[in-house]
Amino acid sequence: MEENNKLTQREELKTYFETGKYPTQSQFGQFIDNYVHLNEFNFGLDVKPSGKFKTKYYHFYVAQEKGKTSVGHINIEDNDVKDPQKFDQYNHVLSRYIAYKYLNIKLSNELDIDKYQPKIIIKRYKQKKKLKSGYLKKAGFYKELPSDAEALGRQSEYPVTSNEMVLDINPINYFRPGKDYKEFYPSGTFNRPGSFRHTVHHRKPYSLIQMFLEIDVNGTKYKSHPVVIKIILGRDENDFINYIID
């Protein structure tokens, strides 16, 4: 009787090497061809600031009391430049234009996008924090759940649609607002004098993220080495948000 449950490709490969069997040259070839060596296609990302830029108008709000709202601040993009809305439990602190550059993303080498289903993953830097449970969460880079990132106007995953892309990460959404543009701090941090300021002279606020490439090889996820990106706020509406890339 014909077997109803068809074996997957991985299971078929295993049968070639069962005890007592002698794999053929063709079967060895199939085994090797089905497992890619990551160093064969220089697996990773090349990230640079783009010459393209965008200007948007935002309203910025902060929570009236910490811990009583799901998020501590809200950044609202406003295409019509209207008066700021009112939100329960939030105070409006600032409205202004924000100019920022896009990012040019290029895969280190060409990938078969349909085969490897590549994604760009972003992790955000957070300072150490003691949770309500008493657990001390270490400082470091953490990937947000897609729903949590979306609530703050960010994305933690971007599908790769071509070997070279222009990416709009809405960089202002990696900051929490203050009364003045210079008083912004990166999300996930606490005010500490002198911290998260770029250069002694300009004192521009900055936020840190990591970006890396994730691919799928026969159901197993592989990640490239991360690219560290410092997102630096401008001084005014004519000074773009820019990036320093490690």
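**Reading the terms against the values**

Lys-128 is found in the loop that runs between β4 and β5, strands here being DSSP runs of E with at least two residues and helices runs of H or I with at least four, numbered from the N terminus. This is a predicted model, in which local features need pLDDT of at least 70 and side-chain atom pairs count only at pLDDT 80 or more, while totals for chains, interfaces and linings use all residues. Residues are numbered from 1 along each chain as its sequence is written, and side-chain values use heavy atoms, with hydrogens and water left out.

Q: What makes Lys-137, Lys-138, Ala-139 and Phe-190 contacts of Lys-128?
A: Contact means heavy atoms within 4.5 Å, and Lys-128 touches these four residues when those up to four places away in sequence are not counted. For Ala-139, the C-alpha atoms of the pair are 4.0 Å apart in space, although eleven residues separate them in sequence.

Q: Why is Gln-127 called buried?
A: Buried means under 20% relative accessible area, exposed over 50%, and partly exposed in between, with a 1.4 Å probe and protein chains only. Gln-127 has a relative accessible area of 9%, and is therefore buried. Gln-127 lies in the loop between β4 (119-126) and β5 (129-130), and its contacts beyond four places in sequence include Gly-188, Phe-190 and Arg-192.

Q: How do you know that the side chains of Glu-157 and Lys-143 meet in a salt bridge?
A: The term requires a side-chain nitrogen of Lys or Arg within 4 Å of a carboxyl oxygen of Asp or Glu, and here the N to O distance is 2.5 Å, so the pair qualifies. Glu-157 lies in strand β8 (residues 157-159) and Lys-143 in strand β7, so the bridge ties together parts that are 14 residues apart in sequence.

Q: Why does Glu-157 count as partly exposed?
A: Its relative accessibility is 25%, which is why Glu-157 falls in the partly exposed class; Lys-143, at 38%, is likewise partly exposed.

Q: What makes Asp-239 a salt-bridge partner of Lys-204?
A: The closest N and O atoms of Asp-239 and Lys-204 are 3.0 Å apart, and this value satisfies the cut-off for a salt bridge. Asp-239 lies in the loop between β15 (227-232) and β16 (242-245) and Lys-204 in strand β13 (residues 204-217), so the pair ties together parts that are 35 residues apart in sequence. Asp-239 is buried at 15%, and Lys-204 is buried at 14%. Asp-239 also meets the side chain of Arg-235 in a salt bridge of 3.8 Å, N to O, whereas Arg-235 is partly exposed at 42%.
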